[in-house]
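Here are a few notes to help you find your way around this one. Have the view open as you read.

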Amino acid sequence: MSRQLLTLFTSFFKIGCFTFGGGYAMIPIIQKEVIDRHGWVDREEFLNLLAVAQSAPGPMAVNTSIMVGYKIARTRGAVSAFFGTVLPSFIILLVVAIFFSKVYQNPVVNSIFKGMRPAVVALILQPVFSFAKGFKYWEYAIFIAIAAAIWFGLSPLWFIVGGIVAGIGWTCWKSKHLSQS
């Protein structure tokens, strides 16, 4: 195994070991690792990878790791990053499944899980605020309006379809505008 593949695997293994709360909670840690620590992608490319990862089927953190791995070392990189991301969860779930039945009703265990909830919420909100630093006021307004609409029951599917249509329309308009210049 090459050093680069081992670095991909260990980086994503570390991310998988030390994050709780799912894909959104992993975003700031993935961001630090792939942008700040290794420089595998820049901030703008990372945002694009996240957008694709969210729209692709499957867990977002796994999709993001696969895309970063593929960018670094093609198929072998994607496989290394994938296994690095999912192996810790698999091992932890296996151990928990074996022992959880014995401690299921334990009040200390329940308290631990309740205590982790605010930290998970903070981990989810951190990338939102981090990525929103360069937003214009109208972009904040759109973000808040969409979040409120989803909160009150409108399906996110409508916003995904709307974003696809708007992106295609913008690209067509821009390419037509540039070809006329």
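1. First, a caveat: what you're looking at is a predicted model. Every value below was computed from it.

2. Let's begin with Q31, which sits in helix α2, the stretch covering residues 23–37. Is Q31 buried or exposed? Its relative accessible area is 13%, and anything under 20% counts as buried, so Q31 is buried.

3. What does Q31 touch, once you leave aside its neighbours within four places in sequence? Its contacts are then D36, F46, S130 and F131.

4. Now for the aromatics. The structure holds 4 aromatic pairs. Take F82 and F83: their ring centres lie 5.1 Å apart, with the planes at 70 degrees. Planes over 60 degrees apart count as edge-to-face, so that is the label for F82 and F83.

5. Both of those rings belong to partly exposed residues: F82 has a relative accessible area of 28%, and F83 comes out at 43%.

6. Next, have a look at the surface. A nonpolar patch there covers about 930 Å², and its members are V121, L125, V128, F129, F135, Y137, Y140, F143 and I144. Helix α5 (107–131) supplies at least two residues of the patch, and so does helix α6 (137–151).

7. If you'd like one patch member to click on, try Y140, which is part of the nonpolar patch and lies in helix α6. Y140 is partly exposed, with a relative accessible area of 33%. Patch residues need over 30%, so Y140 qualifies on that count.

Notes
Residues numbered from 1 in each chain as written. Predicted model: local features only at pLDDT ≥ 70, side-chain atom pairs only at ≥ 80, totals over all residues. Heavy atoms only, no water. Phe/Tyr/Trp six-rings, centres within 6.5 Å; stacked < 30°, edge-to-face > 60°. Buried < 20%, exposed > 50% of the residue type's maximum accessible area, 1.4 Å probe, protein only. Helix = DSSP H or I, 4+ residues; strand = E, 2+ residues; numbered from the N terminus. Contact = heavy atoms within 4.5 Å. Patch = residues over 30% accessible without salt bridge, like charges linked within 9 Å, V, L, I, M, F, W, Y side chains within 5 Å. Areas by Shrake-Rupley, 256 points an atom, 1.4 Å probe, with all protein chains shown as cover. Salt bridge = Lys/Arg side-chain N within 4 Å of Asp/Glu carboxyl O.
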